[in-house]
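Let's take a walk through a protein together, with the 3D view open beside the text. Keep rotating the picture as you read, and look for each spot as it comes up.

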Amino acid sequence: MKEGKKQASAGAVFRAYFASIRKHPWLLSLIILGSIGIQAATLAAPLYLRTFFNILATTSHPTSDTVHALGGVLAMLTLMYLLEWLSRRVQGQSNNVFSAKVMNDLYSTSFSYLIGHSYNFFISNFAGSLTHKMSKYARSFETLFDSVVVQFVPTFLFVAGAVGVLFWRSHLLGIALGVWAIIFIAFQLFVAHLRQHVRVERAEADTRLTGALADAVSNQSTISLFSGSRYEYTRYMGIVEAWHKATLRSWMTDDWIWAGIGLFMTAIEIGLLYGSAMLWQQGLLTVGDFVLIQAYLLTTFDRLVGINRDLRRFYDAFADAGEMVEILETPHGIQDRAGAKPLSVSSGNVSFDDVGFYFHADRPILGHFTLNLTAHEKVAFVGPSGAGKSTITKLLLRLYDVQSGSIEIDGQNIAAVTQDSLREAIAFVPQEPILFHRSLMENIRYGRRDATDAEVIEAAKQAHCHEFISKLPDGYDTFVGERGIKLSGGERQRVAIARAILKNAPILILDEATSSLDSESEALIQDALRVLMQGKTVIVIAHRLSTIMHMDRIVVMEGGKVIASGTHAELLEEGGLYHKLWSIQAGGFIVDEDETELANEVAKEENSA
Ligand code: ATP
């Protein structure tokens, strides 16, 4: 069930970013305009410097005309510097607004796509790695865009302009600079390409490191309870060691590249100065030309050396972006069909028709599973661990798609309706509810986000949350910690039940929903649940049979198959697995006094009804 490949292609990264870039054509035009202005001014200024120095070199006795001419050149030089200053502001400001807008867009689009991935996707990926990839994705755009639009393209424009001007002064010098620049850029591209896999390796090692750290931090209590610090340290050091090797390889490669670049720069500096001196000797170049060449060389060095740094950042950012784009390119595991309509629940019939499901083809979990729940029927699933009980509820919620057969609600195949409408029709209370690190009020309100405070508190009272919440110093404003860790298991379950009460959906699934409660709380909650179940189709999964003996029907499962079904009394009479489980529990191994009392009460109620 692995979704997706390892690394997205260059085209895929470009497409992903371009979808956001194209929304701001005016800002992009301003950036390009600013860029062109900067290059034009940077190329023109040395030409005025050349004239300035030529006037100085050729004037032995300055006259007022000479001073006037120098003043004119200085004025033009000032104008060029101002043009450059202004163009930089235009480019910089529009780039700020543009990048912020695009990153905003990238954050929101990638979040909505990421969160739409299937349940299976999230249980197969580290939360830490996903958040790391997501945050690197938008930031990488900033780097990639700056590299291309602010560095690569302007550098190309400047070098082309400098070659053109030098060519005008001396064909040989122009050709020399042009050839050198091409060889130098080709060298940089070649080594950058060669080292790309080193950078990808490093990015992956980085992600693994963060993922491992997040896994250890979120399991800190397990680590200390199992005295696993030493083991975790060794495990983490293994990952750090791989990161260390990948990082060192990357740095050493960089160092060698810098060594090559240094040699290239020395060669062109000496070569051009030597050639210029020869031409000057023949009277073909002036002193001003030396100033021009030197100014162009200095800027060219600065830009081309920058290219190497930018290429490195470019490839890093590219590798980072690729990890997230791969997620964005991976089709959602569970999708709404084209033209899917909202589910319309008229009465609440649920039917599983010859359902087949597996996680791995060689190990079927459900085979030919058929079961009909009539409207408002309350059905309990019991059976040994691993029998497939939770899987049935996950299939009904369409967290997984069935591989064969179908599941219908009021005659509508759940695979053909929208997922949102399906999940709106079902309230689910899991065995281990996970809460947002938000206030208790917000957490309960998640059941129905337009509920008033009074409605939330009413639901909390019914679920017996109000007692413990009102004792907290901050009451309903209390933040519950990551995943709800600051609450006890039983408190979390009660919050989840309050959510379900607030949601009031026509179909209710309780998956071991009261397993973490003490007997007293459970007896109270069972009351609330009985009220909640009224008028709904209900599926309950429970290991403690005392909690489900009053259900309309009890389905006994084993190895993904229904092996018996009937009421509590019928199943007891029938003997078999249910009878055996009941005998064990009623024999005092699991049922405590309170539960036995509760069971007797329920049985009495049923008899009198
Ligand atoms: P329990 O009473 O312990 O909750 P259950 O009857 O609800 O058990 P399921 O959770 O439905 O059992 O699991 C049925 C089988 O499917 C188990 O053998 C389990 O190991 C397997 N299984 C569950 N989830 C996955 C998964 N994501 N990938 C692979 N196998 C899985």
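Start at the ligand: a polar side-chain atom of Arg363 sits 2.5 Å from one of its oxygen atoms. Keep in mind as you look around that this is a predicted model.

**Around the ligand**

Arg363 isn't alone there. The side chain of Thr391 brings an N or O atom to 2.4 Å from an oxygen atom of the ligand. Gly388 joins in with its backbone: a polar atom there is 2.9 Å from a ligand oxygen. How much of the ligand does the protein bury? Taken alone, the ligand exposes 640 Å², and the protein buries 71% of that.

Here are those three contacts side by side.

| Residue | Part of the residue | Distance to a ligand oxygen |
|---|---|---|
| Arg363 | polar side-chain atom | 2.5 Å |
| Gly388 | polar backbone atom | 2.9 Å |
| Thr391 | N or O atom in the side chain | 2.4 Å |

Now zoom out a little. The ligand is surrounded by 14 residues, and the closest are Arg363, Ser385, Lys389, Ser390 and Thr391. Sorted by class, this shell holds six nonpolar, six polar and two charged residues. Two elements, β2 (363–373) and α11 (389–396), each supply at least two residues of the shell. Which one gives the largest share? That's α11, with three residues.

**The nonpolar core**

Next, turn to the nonpolar side chains. In soluble globular proteins, side chains of this kind tend to be buried together. The largest nonpolar core in this model has 59 residues, and the members that touch the most others are Tyr17, Phe98, Phe141, Leu144, Leu177, Trp180 and Tyr296. Several helices give two or more residues to this core, including α1 (10–21), α3 (64–115), α5 (127–169) and α10 (287–329). The biggest contribution comes from α10, with 17 residues.

Helix α6 (171–194) is also on the list of contributors. Its 24 residues should span 34 Å at 1.5 Å a residue, and its end C-alpha atoms are indeed 34 Å apart, so the two values agree. Among the buried residues of α6 are Leu173, Leu177, Trp180, Phe184 and Val191. You've just met two of those names: Leu177 and Trp180 are in the group of core members that touch the most others.

Helix α7 (196–218) gets a similar check. With 23 residues, α7 reaches 33 Å from its first C-alpha to its last, close to the 33 Å expected. Its buried residues include Val198, Arg199, Val200, Glu204, Leu209 and Ala212.

**Inside the helices**

Let's pick out a few single residues. Ser147 is in helix α5, and its side chain reaches the backbone oxygen of Thr143 at 2.7 Å. Is Ser147 buried or exposed? Its relative accessible area is 1%, so Ser147 counts as buried.

Leu166 is another residue of α5. With a relative accessible area of 2%, Leu166 is buried too. Leu166 and Tyr296 are 130 residues apart in sequence, yet their C-alpha atoms are 9.0 Å apart in space.

You can find a comparable pair in helix α3, where Leu106 lies. Leu106 is buried, at 0% relative accessible area. The C-alpha atoms of Leu106 and Ala19 are separated by 9.2 Å, although their positions lie 87 residues apart along the chain as a sequence distance.

**Loops and unusual angles**

Not every residue to visit is in a helix. Asp401 is in the loop between α11 and β4 (404–409). Its relative accessibility is 28%, so Asp401 counts as partly exposed. Phe357 is 44 residues away along the chain, with 8.1 Å between the two C-alpha atoms.

Finally, which residues have a positive phi without being glycine? One of them is Asp354, with phi near 50 degrees. Asp354 lies in strand β1 (350–360), and at 34% relative accessibility it counts as partly exposed. His464 is one too, with a phi of about 60 degrees. His464 sits in the loop between α14 (453–462) and α15 (466–471). Is His464 buried or exposed? Its relative accessible area is 17%, which is under the 20% cut-off, so His464 is buried.

How values were computed
Residues numbered from 1 in each chain as written. Predicted model: local features only at pLDDT ≥ 70, side-chain atom pairs only at ≥ 80, totals over all residues. Heavy atoms only, no water. Near = heavy atom within 4 Å. Polar contact = N/O pair within 3.5 Å; in protein donor to acceptor, adjacent residues only side chain to side chain. Areas by Shrake-Rupley, 256 points an atom, 1.4 Å probe, with all protein chains shown as cover. Helix = DSSP H or I, 4+ residues; strand = E, 2+ residues; numbered from the N terminus. Nonpolar A, V, L, I, M, F, W, Y, C, P; charged D, E, K, R; others polar. Expected span 1.5 Å × (residues − 1). Buried < 20%, exposed > 50% of the residue type's maximum accessible area, 1.4 Å probe, protein only. Core = buried A, V, L, I, M, F, W, Y, C linked by side-chain atoms within 4.5 Å.
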